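Me: I should be grateful for a close look at one helix of this protein and at its surroundings. Please treat the matter as one connected account.

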Amino acid sequence: ITLVLGQFLGAQNIVVNTTSPRNDPMWLVQNVLVGPNLFVYSPLNQFGLPVSQPPSVQLGKFNCANPAFGLDSGIVMVTTDAIDVVPGQSGTFTTFPTQTPSANLSTVLNTIGSSASSQYDRASIQFNFLANGDSVQFDYIFGSKEYTSYTCSSFNDVFGFFLIGPGINGAPMYHANGSLRIDTVNLAVIPGTSTPVEVNTI
């Protein structure tokens with residue numbers, strides 16, 4: 001059960017497939033990310049309809065034959081073409097204009113006092129899930145080409161893995177007034193700390 005995020009991974013023997021349906025967010029979640037103990041489905045918008053998540057060149061499925069890499073397969077999410085994680089490969093991704101900022105990612109950037117707030121080329125997948133037990137585990141690797149040029153600058157590759165819902169992390173499911181409590185926890189933090197995973201913190 002794997003997830004690889006970032007702009008560059010230096011492992012050899014990695015193969016990325018971005019052909020349909022391997023570039024479709026929900027297909028990747030249902031067929032690559034989760035194991036048999038999770039039931040996953042598309043999140044719903046305010047009208048009760050599934051959130052639109054079109055296929056994207058920024059998403060793909062990877063396989064890696066190098067045991068030192070730590071993961072043998074999973075999802076790749078990249079701020080450029082997903083195939084750009086393969087050494088020597090280069091896609092044709094065109095930079096998106098400034099996107100509507102993710103409030104959750106803005107919170108992560110604010111945590112470390114980042115002065116740049118614009119969010120470019122964001123890759124994201126949203127999904128809802130029901131688990132049979134009281135815990136869930138996701139493995140991921142974070143990487144970035146910006147380590148060689150923008151480390152400790154105002155430009156900061158950032159990664160967030162947000163768990164949103166009632167009763168998460170042991171919190172009560174309801175407020176004192178009886179209303180449902182919805183909390184957000186960023187799972188992408190340096191182990192044993194509350195420091196988020198970003199170029200300027202890793």
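**Helix α2 and its surroundings**

Reply: In this predicted model, the buried residues of α2 pack against strands β8 and β9, the latter spanning residues 183-186. Helix α2 itself covers residues 103-111, and its buried residues are Leu105, Val108 and Leu109. These three lie on the same side of α2, because they cover an arc of only 100° around the axis. On the other side of the helix, Ala103 and Asn110 are exposed. Just after α2, Gly113 takes a positive phi of about 75°.

One of the two strands packed against the helix, β8, comprises residues 162-165 and includes Ile164. Ile164 has a relative accessibility of 49%, so it counts as partly exposed; the upper limit of that class is 50%. Ile164 also contributes to a nonpolar surface patch of about 510 Å², together with Met173, Tyr174, Leu180 and Ile182.

The interior of the model may be considered next. In soluble globular proteins, nonpolar side chains tend to be buried together. The largest nonpolar core here has 20 residues, of which Val29, Leu33, Val34, Ile75, Ile125, Phe127 and Phe159 touch the most other members. The elements giving two or more residues to this core are α1 (25-33), β3 (38-41) and β5 (73-77). Helix α1 supplies the largest share, five residues. Apart from this core lies another, of eleven residues, among them Phe62, Leu71, Ala82 and Val86.

Technical notes. Residues numbered from 1 in each chain as written. Predicted model: local features only at pLDDT ≥ 70, side-chain atom pairs only at ≥ 80, totals over all residues. Heavy atoms only, no water. Patch = residues over 30% accessible without salt bridge, like charges linked within 9 Å, V, L, I, M, F, W, Y side chains within 5 Å. Areas by Shrake-Rupley, 256 points an atom, 1.4 Å probe, with all protein chains shown as cover. Salt bridge = Lys/Arg side-chain N within 4 Å of Asp/Glu carboxyl O. Helix = DSSP H or I, 4+ residues; strand = E, 2+ residues; numbered from the N terminus. Buried < 20%, exposed > 50% of the residue type's maximum accessible area, 1.4 Å probe, protein only. Core = buried A, V, L, I, M, F, W, Y, C linked by side-chain atoms within 4.5 Å. Arc of directions from axis to C-beta. Contact = heavy atoms within 4.5 Å.
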